[in-house]
Amino acid sequence: HVEICRFLMAKDVPIPREFWERLAYHNQWRLVHYLHTHKREFNLNIPVSALHKAVEYDRVGFVKFLLQYGYFDATDVRPDADLSTKMRECLGAGSTRKRRRDALASAQSALDEHKEQMPEGVYLKLCTSFHTAFNQ
């Protein structure tokens with residue numbers, strides 16, 4: 001595979017999507033890392049479908065590589081994906097704060113909608129708690 005990639009990269013031909021998906025399926029993150037480190041001037045152009053394939057087949061090493069080197073973000077994973085505990089931990093490292101902030105913003109919106117029905121002190125105390133949690 002390395003020789004094929006070198007040939008394609010020397011000719012400045014994009015590596016096909018199917019190739020990336022196959023690497024994801026077989027968890028060949030070391031090959032992708034090799035290409036990443038030895039051919040920096042070449043845009044690897046890894047498609048998001050490779051990330052989806054790696055998540056689908058629980059290829060944690062491949063997903064870690066893609067996230068660590070900034071090819072994708074944890075938010076690029078489909079929300080309906082069935083995640084193993086290891087994959088959830090891998091993806092959670094980069095997006096836990098965003099998910100928590102989204103949940104707090106949603107809760108604050110619901111609180112604001114019903115503030116007329118709440119005692120003043122309770123509403124202010126909850127708002128302060130949400131604000132503190134949001135900024136952590």
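In this predicted model, R17 and E21 are joined by a salt bridge, and their closest N and O atoms sit 2.7 Å apart. Both residues belong to helix α2, which covers residues 17–25. They are four residues apart there, or about one turn of the helix. R17 has a second partner as well: a salt bridge links R17 to E18, with 3.4 Å between the closest N and O atoms. Through the shared partner, the salt bridges tie R17, E18 and E21 into one network. A search of the whole structure turns up two salt bridges.

How buried or exposed are the members of this little network? R17 comes out as partly exposed, at 43% relative accessibility. E18 is also in the partly exposed class, with a value of 48%. E21, on the other hand, has a relative accessibility of 14% and counts as buried, because the cut-off for buried is under 20%.

Next come the helices on either side of α2 in the numbering. Two packed helices are described by the angle between their axes and by the distance between those axes. For helix α1 (residues 2–10) and helix α3 (residues 29–38), the angle is about 30° and the axes lie 11 Å apart. The crossing of α1 past α3 is right-handed.

Which residues make this contact? On the α1 side they are V2, C5, R6 and M9, and these meet L31, Y34 and L35 of α3. Sorted by class, the contact between α1 and α3 involves six nonpolar residues, one charged residue and no polar ones. The charged one is R6, because Arg is put in the charged class.

Helix α3 also holds H36. Is this histidine buried or exposed? With a relative accessible area of 12%, H36 is buried, since anything under 20% falls in that class. What does H36 touch, once its neighbours within four places in sequence are left aside? Its contacts are then L44, F65, Y69 and Y71.

Taken together, the picture has a few parts. Helix α2 carries the R17 and E21 pair, with E18 drawn into the same network. Helix α3 packs against α1 at about 30°, using L31, Y34 and L35 for the contact. Helix α3 is also the place of H36, a buried residue in contact with L44, F65, Y69 and Y71.

Notes: Residues are numbered from 1 along each chain as its sequence is written. This is a predicted model: local features need pLDDT of at least 70, side-chain atom pairs count only at pLDDT 80 or more; totals for chains, interfaces and linings use all residues. Side-chain values use heavy atoms; hydrogens and water are left out. Axes are lines fitted to C-alpha atoms, for helices over the stretch in contact, and angles run from 0 to 180 degrees between N-to-C directions. Helices (H or I, at least four residues) and strands (E, at least two) are DSSP runs, numbered from the N terminus. A crossing is left-handed if the near helix is turned anticlockwise from the far one by less than a right angle, and right-handed if clockwise. Contact means heavy atoms within 4.5 Å. Buried means under 20% relative accessible area, exposed over 50%, partly exposed in between (1.4 Å probe, protein chains only). A salt bridge is a side-chain nitrogen of Lys or Arg within 4 Å of a carboxyl oxygen of Asp or Glu.
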